[in-house]
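Here are a few points on the helix packing and the pocket, set out for comparison with the coordinates.

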Amino acid sequence: MQSLYRGEESSEYIRVGITCSKKLGGAVIRNRAKRRLKHLATINLPLYGRPHWDYVLIGFKDKTVTRNYKAMTNDLKWALQKIHSTE
């Protein structure tokens, strides 16, 4: 995950981007990974993300498509805590 604080003057919406390179696999695998990451972001970022921030979720080979969804949720929460603890 990558993040960027846009500043207080920007809109207070949380923005999210998703990237899955061809290293992940074919189009079917990449699209499945993107769908999983999009669902993860839709459910969790409104709860744990912060306004005025941009987040980029990155798909990884052999992890994004096969990893347990609950474990991915815990990974996202951990990453958000780590990002926001350095403020």
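1. A crossing of two helices is called right-handed if the near helix is turned clockwise from the far one by less than a right angle, and left-handed if it is turned anticlockwise. In this predicted model, the crossing of α1 and α2 is right-handed.

2. The residues that make this contact are, on the α1 side, R36, L37, H39, L40, I43, N44, L45 and Y48, and, on the α2 side, Y69, M72, T73, L76, K77, L80 and H84. Sorted by class, the contact of α1 with α2 comprises 9 nonpolar, 4 polar and 2 charged residues.

3. As for the geometry of the pair, α1 and α2 pack at an angle of about 50°, and their axes lie 10 Å apart. Angles from 65 to 115 degrees would count as roughly perpendicular and those under 35 degrees as roughly parallel, so α1 is described as oblique to α2.

4. Turning to the pocket, the largest one has a volume of about 390 Å³. Its lining consists of 14 residues, and those that lie nearest the centre of the largest pocket are M1, I58, F60, D75 and L76. The elements that give two or more residues to this lining are α1 (27–48), β3 (53–58) and α2 (69–85), and the largest share, 5 residues, comes from α2.

5. In terms of chemical class, the lining of the largest pocket divides into 10 nonpolar, 1 polar and 3 charged residues. L76 deserves a second look, since this residue is listed both in the contact between the two helices and among the residues nearest the centre of the largest pocket.

Key: Residues numbered from 1 in each chain as written. Predicted model: local features only at pLDDT ≥ 70, side-chain atom pairs only at ≥ 80, totals over all residues. Heavy atoms only, no water. 1 Å grid on protein atoms, 1.4 Å probe; cavity = no way out; pocket = protein on both sides within 12 Å on 5 of 7 lines; lining within 4 Å. Points joined across faces, edges and corners; volume = space filled by probe spheres on them. Helix = DSSP H or I, 4+ residues; strand = E, 2+ residues; numbered from the N terminus. Nonpolar A, V, L, I, M, F, W, Y, C, P; charged D, E, K, R; others polar. Axes fitted to C-alpha atoms, helices over the stretch in contact; angles between N-to-C directions. Parallel < 35°, antiparallel > 145°, perpendicular 65-115°, else oblique. Contact = heavy atoms within 4.5 Å.
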